Amino acid sequence: MKIEAIILREIRMRLKSPFETSFGVMQDRRIILVEVIADGVSGWGEVTSTEGPFYNSETTDTAWHIISDFIAPALIGKSLSTATEFATLVSGIRGHEMAKAGVENAIWDAEAHQKGVSLSKLLGGTRVEIVCGVSIGIRPDPAALVNKVEEEVLRGYNRIKLKIKPGRDLGFVSAVRHAFPEIQLSVDANCAYQLEDALHLKKFDDFRLLMIEQPLQWDEIHSHAKLQAQLQSPICLDECITHARHAFTAITWCACRVVNIKLGRVGGHTEARRVHDICSTHGIPVWCGGMLESGIGRVHNVAMSTLPGFTLPGDVSASQRYWDEDIIEPEVEVTTRGTIHVPQTPGIGHKVRSKLVDRLTVRTNRWKAA
Ligand code: OSB
Ligand code: MG
């Protein structure tokens, strides 16, 4: 695969409603799309950074800078035999996993198109249908949250995840658990607590949660091990796991019993698969996290979720939950049983709506092989 051209676009998209987490509110998204043309075939990827450095250290602007000034110049004109070789090419760049993932995943899509196979097949996926959950942002009061949960349960989603933060936690989760005694329920703190809050966090054991996601600091695996030893609820790590070596550390220290895999956070499909493999070897279930992606990022998540170790419902839900109009066709649709059928056509299996993308684009950068 000779990388003949790279096109970077920043698009603006407004979420249907604001999404509140412990680190802030998101609504107006600034999303970077990466198009890679290899041997005349186009592949698409999405950079899943947020607008500000509050989920991890990356932002839309840092990713634009790193791709424009370091990744694209290193990649243009190169020949790769498979997308897995990309990571070695950029291994000198420290961090910036989301910037790398946007580019790497575009190469995976191009490779799948060239081989005439679905991205899921190319990755080694085995499922043709994946099970979906939803992530629900922080609400003003427990009653409003219960209403929202009811709406999503009626749509058929198989697991409900509630965003929490200090002051918006026990009463909210308790109200939902009482209204829905049987649902698969989890919470996500996005790093809002400290190890000193262990006794408070232990109260969540009453709610029979599937997991508590990332309660403590984003760079603290060891504190999670100390906390897990005090809790019945399984801890799931999100922010802490930026590569397979961290997954190995977390598992061997018993810092978590579940891992959330996000393509952007770990640097792309190749590393995501390594995290998956390490977790599988150690009997740790994984699921695919979301970053409020446009359709392009979303369908990469669908493909990754088909690997055998993804045994828990992911935060991979319908385009219509997020956007009035998604940039792919068909849009991602969820069945009444809360599942997504995995496309079997080549690549990501959805067409990019290029006219709509053009309309949403606010800046572009291009590289062409000499
Ligand atoms: O921690 O999983 C998270 C969104 C933005 C940043 C971090 C997270 C999230 C979500 C949304 O939970 C998941 C989705 O895309 O629906
Ligand atoms: Mg999370």
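A residue counts as near a molecule if one of its heavy atoms lies within 4 Å of it. The exercises below use this cut-off on a predicted model.

**Exercise 1. Describe the shell around ligand 1.**

Solution.
- Step 1. Collect the neighbours: 16 residues surround ligand 1.
- Step 2. Pick out those that come nearest. They are S135, N190, K262, L292 and Y322.
- Step 3. Sort the shell by residue class. Six residues are nonpolar, three are polar and seven are charged.

**Exercise 2. Find polar partners for the oxygen atoms of ligand 1, then state how far the protein covers this ligand.**

Solution.
- Step 1. Set the limit: a polar contact is a pair of N or O atoms within 3.5 Å.
- Step 2. Try the side chain of S135. One of its N or O atoms is 2.9 Å from an oxygen atom of ligand 1.
- Step 3. Try K161. Here a side-chain N or O atom lies 3.1 Å from an oxygen atom of the ligand.
- Step 4. Turn to the backbone. M291 places a backbone N or O atom 3.4 Å from a ligand oxygen.
- Step 5. Check the cover. On its own, ligand 1 has 390 Å² of accessible area, and the protein covers 100% of it.
- Step 6. Locate the site: ligand 1 occupies the largest cavity.

**Exercise 3. Which residues coordinate the magnesium ion (ligand 2), and how are they spaced in sequence?**

Solution.
- Step 1. List the donors. D188 gives OD, E213 gives OE and D238 gives OD.
- Step 2. Read the distances, which run from 2.1 to 2.3 Å.
- Step 3. Write the spacing of the donor residues: D-x24-E-x24-D.
- Step 4. Place one pair on the fold. D188 belongs to strand β7 (residues 185–188), and E213 to strand β8 (residues 211–213). The two are 25 residues apart, and the pair links distant parts of the chain.

**Exercise 4. Examine the backbone at P330 and at H96, and place each residue.**

Solution.
- Step 1. Inspect the bond between E329 and P330. The peptide is cis, with omega about -10°.
- Step 2. Place P330: the loop between β12 (328–329) and β13 (339–341) holds it.
- Step 3. Read phi at H96. The value is near 55°, positive in a residue other than glycine.
- Step 4. Place H96. This residue lies in the loop between α2 (86–89) and α3 (97–115).

Definitions and conventions:
Residues numbered from 1 in each chain as written. Chains lettered and ligands numbered in written order. Predicted model: local features only at pLDDT ≥ 70, side-chain atom pairs only at ≥ 80, totals over all residues. Heavy atoms only, no water. Polar contact = N/O pair within 3.5 Å; in protein donor to acceptor, adjacent residues only side chain to side chain. Areas by Shrake-Rupley, 256 points an atom, 1.4 Å probe, with all protein chains shown as cover. Nonpolar A, V, L, I, M, F, W, Y, C, P; charged D, E, K, R; others polar. Donors = N, O, S within 2.8 Å, 3.2 Å for Na, K, Ca; no water. Helix = DSSP H or I, 4+ residues; strand = E, 2+ residues; numbered from the N terminus.
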